[in-house]
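Biologist: I should like a close look at a single part of this protein. Please treat the sheet region in one connected account.

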Amino acid sequence: MTLSLKTAAVGSVLLLAACGTTTTERAATGGLAGAAIGGAVDSSWTGALIGGAAGAALGAVTTPKHDSNVNRRQYYDERAGRYYYYDPGARRYYWEDGSRRN
């Protein structure tokens, strides 16, 4: 396999390892992507196992440590029929979908 194809395969694993918001989700998507690409590159179970292990490890390591949307307290606006929350970093209120609440 050529160097550019291997580089593209590694880049794909890196991008797919970033799918998910929790450590488990990111490790799972990274492992699956790594196994698929490792098997395709090496055409053997060994390549798939090594790629899967590397992808899972990379996915778990790249999990964000803090997400401002996790564990936030939400409030309910009865007139609008929607939930909203306060972001202390921005000092603003936002609707549950992330749009700014005026």
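In which sense do E2 and strand E3 pair, and over how many bridges?

Modeller: The model is a predicted one, and the account below should be read with that in mind. E2 and strand E3, the latter formed by residues 92–95, pair in the antiparallel sense, and four bridges join them.

The setting of this pair comes first. The protein contains three helices and three strands, and along the sequence these follow the pattern α-α-α-β-β-β. Of the 102 residues in the protein, 22% are buried. The three strands make an open sheet in the order E1-E2-E3, with antiparallel pairing. E1 and E3 are at the edges, and each has a single partner strand, so one side of each lacks a neighbour in the sheet. From one strand to the next, the twist averages 35°.

Within the pairing of E2 and E3, two tyrosine pairs can be named. Tyr-86, which is placed in strand E2, has Tyr-93 in E3 as its bridge partner. Tyr-85 stands opposite Tyr-94 in E3. Tyr-94 is buried, because its relative accessible area of 16% falls under the 20% cut-off. The C-alpha atom of Tyr-94 is separated by 5.5 Å from that of Tyr-84, although these two residues are ten residues apart along the chain. Tyr-86, by contrast with a buried residue, counts as partly exposed, because its relative accessibility of 33% lies between the limits of 20% and 50%.

Tyr-86 and its partner also contribute to the surface. Together with Tyr-75, Tyr-86 and Tyr-93 make a nonpolar surface patch of about 270 Å².

The connection between the two strands is a hairpin, with four residues between E2 and E3. Arg-91 belongs to this loop. Its phi is positive, at about 55°, although Arg-91 is not a glycine. Arg-91 is exposed, because its relative accessible area of 67% is over the 50% cut-off.

On the other side of E2 the sheet continues with E1. Strand E1 comprises residues 74–77 and strand E2 residues 82–87; these two strands pair in the antiparallel sense over four bridges. E1 and E2 likewise form a hairpin with four residues between them, and in the turn Gly-81 has a positive phi of about 70°. A positive phi is thus found in the turn of the E1 and E2 hairpin at Gly-81 and in the turn of the E2 and E3 hairpin at Arg-91.

Asp-77 deserves attention in this part of the sheet. Asp-77 is found in strand E1 and stands opposite Arg-82 in E2. Asp-77 is buried, because its relative accessible area of 15% is under the 20% cut-off. The side chain of Asp-77 reaches the backbone nitrogen of Arg-79 at 3.0 Å.

To return to the question, E2 pairs in the antiparallel sense with E3 over four bridges, and E2 pairs in the antiparallel sense with E1, also over four bridges. In the strand order E1-E2-E3, E2 is therefore flanked by the two edge strands E1 and E3.

Note on methods:
Residues numbered from 1 in each chain as written. Predicted model: local features only at pLDDT ≥ 70, side-chain atom pairs only at ≥ 80, totals over all residues. Heavy atoms only, no water. Pairing = 2+ DSSP bridges. Patch = residues over 30% accessible without salt bridge, like charges linked within 9 Å, V, L, I, M, F, W, Y side chains within 5 Å. Areas by Shrake-Rupley, 256 points an atom, 1.4 Å probe, with all protein chains shown as cover. Salt bridge = Lys/Arg side-chain N within 4 Å of Asp/Glu carboxyl O. Buried < 20%, exposed > 50% of the residue type's maximum accessible area, 1.4 Å probe, protein only. Axes fitted to C-alpha atoms, helices over the stretch in contact; angles between N-to-C directions. Polar contact = N/O pair within 3.5 Å; in protein donor to acceptor, adjacent residues only side chain to side chain.
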